[in-house]
Amino acid sequence: MTKSESDTKNAAAVEEDDEPDEWDKRIFSTGCAVENTKMNDCYYEKKDWRLCKNELEMFRKCWKQHQNDKRTEMKDA
C-alpha cells in the first residue's frame, strides 16, 4: 500500500468516526448537548469538578428546562 493510499484510508476512517454514536444521540436528544460539552470540557481542562460549578449549574438548568428529570425518572435502572 502506498503512502497516499494509506492516507486516504485513514481519512475515510476519521470521516466515519464523525458520525454520532448512541451516546451522542442520547445527549442531543436531551436538548443540552452544548451545556454537556462545556461541562465536560471544563472538567477535562481543570481536572476538578469544584472548579466547574458554573458549567454544572448551566447544565442542571438546561436539564430541568427540557424536563429531562421527568423523562429519566421513568427509566428502569
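In the predicted model, N68 is placed in helix α5, which comprises residues 68–73. With a relative accessible area of 2%, N68 falls under the 20% limit and is therefore classed as buried. A polar atom of the N68 side chain lies 2.9 Å from the backbone oxygen of T30. When neighbours within four places in sequence are set aside, the residues in contact with N68 are T30, C32 and W63. One of these contacts, C32, is itself a partner in a disulfide with C62.

Two disulfides are counted in the model. In one of them, the sulfur atoms of C32 and C62 are 2.1 Å apart, and the dihedral angle of -100° about the S-S bond makes this link left-handed. The pair joins distant parts of the chain, with C32 in the loop between α2 (22–30) and α3 (33–46) and C62 in helix α4 (residues 53–65), the two cysteines being 30 residues apart. The relative accessible area of C32 is 0%, so that C32 is buried, and C62 likewise counts as buried because its relative accessibility is 5%.

The other disulfide is formed by C42 and C52, with a sulfur-to-sulfur separation of 2.1 Å, and this link is also left-handed, with a value of -95° about the S-S bond. Here too distant parts of the chain are linked, since C42 belongs to helix α3 whereas C52 belongs to the loop between α3 and α4, ten residues apart. Both of these cysteines, C42 and C52, are buried. When the bonded cysteines are counted along the protein chain, the disulfides follow the pattern 1-4, 2-3.

Helix α4, in which C62 is found, consists of 13 residues and extends 18 Å from its first C-alpha to its last, which is close to the 18 Å expected at 1.5 Å a residue. Just after α4, a positive phi of about 55° is adopted by Q67.

Contacts around the helices were then examined for two further residues. E35, located in helix α3, has a relative accessible area of 22%, and because this value lies between the limits of 20% and 50%, E35 is described as partly exposed. Residues up to four places away in sequence being excluded, E35 touches M58, F59 and C62. For one of these partners, M58, the C-alpha atom is separated by 6.5 Å from that of E35, although the two residues are 23 residues apart along the chain. The contact of E35 with C62 involves a cysteine of the disulfide to C32.

I27, in helix α2, has a relative accessible area of 14%, which is under 20%, so I27 is buried. With residues up to four places away in sequence not counted, I27 touches C32, A33 and N36. The C-alpha atoms of I27 and T37 are 9.5 Å apart in space, the two residues being ten residues apart in sequence. C32 thus appears both among the contacts of I27 and among those of N68.

An unreviewed UniProt entry carries the annotation "domain: CHCH" for residues 32–65. Over residues 32–65, the chain of the model is 79% helix and 0% strand, and the C-alpha atoms at the two ends are 10 Å apart.

Technical notes: Residues are numbered from 1 along each chain as its sequence is written. This is a predicted model: local features need pLDDT of at least 70, side-chain atom pairs count only at pLDDT 80 or more; totals for chains, interfaces and linings use all residues. Side-chain values use heavy atoms; hydrogens and water are left out. A disulfide is a pair of cysteine sulfur atoms within 2.5 Å. Helices (H or I, at least four residues) and strands (E, at least two) are DSSP runs, numbered from the N terminus. Buried means under 20% relative accessible area, exposed over 50%, partly exposed in between (1.4 Å probe, protein chains only). A polar contact is a pair of N or O atoms within 3.5 Å; within protein, one must be able to donate a hydrogen and the other to accept it, and residues adjacent in sequence count only if both atoms are side-chain atoms. Contact means heavy atoms within 4.5 Å. The expected span of a helix is 1.5 Å times one less than its number of residues. UniProt positions are given in the numbering used here, feature names are shortened, and annotations may be inferred rather than shown by experiment.
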